[in-house]
Amino acid sequence: MNNDEKQDYDKMNWLYNAFYGDMETEQLQQLEFIENHKNLLQSYTDKEVYILDSACGNGVKAIALALNGYNVTATDISSEMVKFANEFSKKYNVSISTDVKSWSELPSVFEPQFDIVFNIGNSIVHSPNAVTRENDISSLVQVLKRKGTLVIETRNWEKILAENKRFTVYDKISYLDKEYIPMYHWKFNGIEQESEVEILFQEIWKDNHVELYENSLSFTPFTHMSLLDIMKKLGLDIIKDTFHKECDWYLIYGRKA
Ligand SMILES: C[S@@+](CC[C@H](N)C(=O)[O-])C[C@H]1O[C@@H](n2cnc3c(N)ncnc32)[C@H](O)[C@@H]1O
């Protein structure tokens, strides 16, 4: 993987800034994500708990973890995203260690040194096929300590494909005197088929002028069972699995023996 190549997410600052740009420190510290994983985080009782956010995006979740006292390393294949994560951590005056790395590169940079590896916010779907997905997840497992936990959070692709929705529209967001309406235009090709989503972002100015930002991302949907099979095959004990056919998202915790 050549990280000098422009990555899909390199131009996503408009979306991430509007979603997260003006959070108060306290709000960030109490992010729903922290509450959702409270039991897992508290199950590691060593004085120092080491966490890797392996698809950190703009770093919002890594920074929330650091604000709660954890030792956090945040990596992402997109150098622009890692740049945001660095700027964001300065803004909140908290220290995280960052690096521009693809999942496949992690074992060459890190020892099996992490108690928890997060791969969240629907990231693993960017592995382009089943073989790469297994290799990528294997890389995440390799940097876990024994008894460490891999957390994978993903959209429920079976449900989404069955619904065959073309558009997802999000609620309006306000940020720095402007209003934003995000919209996803899905172009599905089926399970295990490379697909595309166009992300359209309308920025509405005070005088009602509208600017349009757009970007497209590629992804390859997979079934819940295939993800579970990969995690088990890589030797992980499945200690939590929130999959439900009616729910849009699920997460799986896999513990290394
Ligand atoms: C949907 S975003 C999620 C970001 C963040 N985890 C969140 O919850 O907001 C997916 C992230 O995965 C990163 N990514 C995609 N493929 C990757 C790879 N092979 N290695 C590392 N990061 C990757 C993208 O650059 C992007 O920042």
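This passage walks through the overall build of the chain, its two domains, a covered helix, a hairpin, the ligand shell and a few backbone angles.

The structure is a predicted model. Ten helices and twelve strands make up its secondary structure. The radius of gyration is 18 Å, close to the 18 Å that the globule rule gives for 257 residues, so the chain is as compact as a globular protein of that length. Along the principal axes, the C-alpha atoms occupy a box of roughly 60 × 45 × 35 Å. Of the 257 residues, 32% are buried. The contact pattern can be described by sequence separation: among contacts with a separation of 6 or more, 65% are between residues 24 or more positions apart.

The chain is divided into two domains. Domain 1 takes in residues 8–157 together with 222–256, while domain 2 covers residues 159–219. Their C-alpha centres are 23 Å apart. Where the domains meet, 21 residues of domain 1 are in contact with 17 residues of domain 2. On the domain 1 side, helix α1 (residues 13–20) gives the most, with five residues. That same side of domain 1 is made up of ten nonpolar, five polar and six charged residues.

Helix α5 (residues 60–67) offers a good view of the packing. Eight of its eight residues are buried, and the helix is mostly covered. The buried residues are V60, K61, A62, I63, A64, L65, A66 and L67, a list that includes the lysine K61. Their packing partners are helices and strands alike: α1, α2 (25–29), α3 (32–36) and α6 (79–91), along with β1 (50–53) and β2 (71–76). Helix α1 thus appears twice in this account, as a packing partner of α5 and as the element that gives the most to the side of domain 1 touching domain 2. After α5 comes G69, with a positive phi near 95°.

A hairpin is formed by two strands of the chain. Strand β9 (residues 195–204) and strand β10 (residues 210–219) run antiparallel and are joined by ten bridges. One of the bridge pairs links I204 with V210 of β10. Five residues lie between the strands of this hairpin, and N208 takes a positive phi near 75°.

Turning to the ligand, 16 residues are found around it, and Y9, A55, G57, I77 and G121 come nearest. By residue class, the shell consists of six nonpolar, eight polar and two charged residues.

Two further backbone angles are worth a look in the viewer. K147 has a positive phi near 70° in a residue other than glycine, and K147 sits within strand β5 (residues 144–155). K147 is exposed, as 12 other C-beta atoms lie within 10 Å. D177, likewise a residue other than glycine, has a positive phi near 65°. Its place is the loop between β7 (173–175) and β8 (178–187). D177 is exposed too, with 7 other C-beta atoms within 10 Å.

Methods. Residues are numbered from 1 along each chain as its sequence is written. This is a predicted model: local features need pLDDT of at least 70, side-chain atom pairs count only at pLDDT 80 or more; totals for chains, interfaces and linings use all residues. A residue is near a molecule or strand if its C-beta atom, placed from the backbone, lies within 6 Å of it. Ala, Val, Leu, Ile, Met, Phe, Trp, Tyr, Cys and Pro count as nonpolar, Asp, Glu, Lys and Arg as charged, and the others, Gly among them, as polar. Two strands pair if DSSP finds at least two bridges between them. Helices (H or I, at least four residues) and strands (E, at least two) are DSSP runs, numbered from the N terminus. Domain bounds come from an automatic or database domain assignment. Two residues are in contact if their C-beta atoms, placed from the backbone, lie within 7 Å. The radius of gyration is taken over C-alpha atoms; the globule rule is 2.2 Å times the number of residues to the power 0.38. A residue is buried if 20 or more other C-beta atoms lie within 10 Å of its own, exposed if 12 or fewer, and partly exposed in between; C-beta atoms are placed from the backbone.
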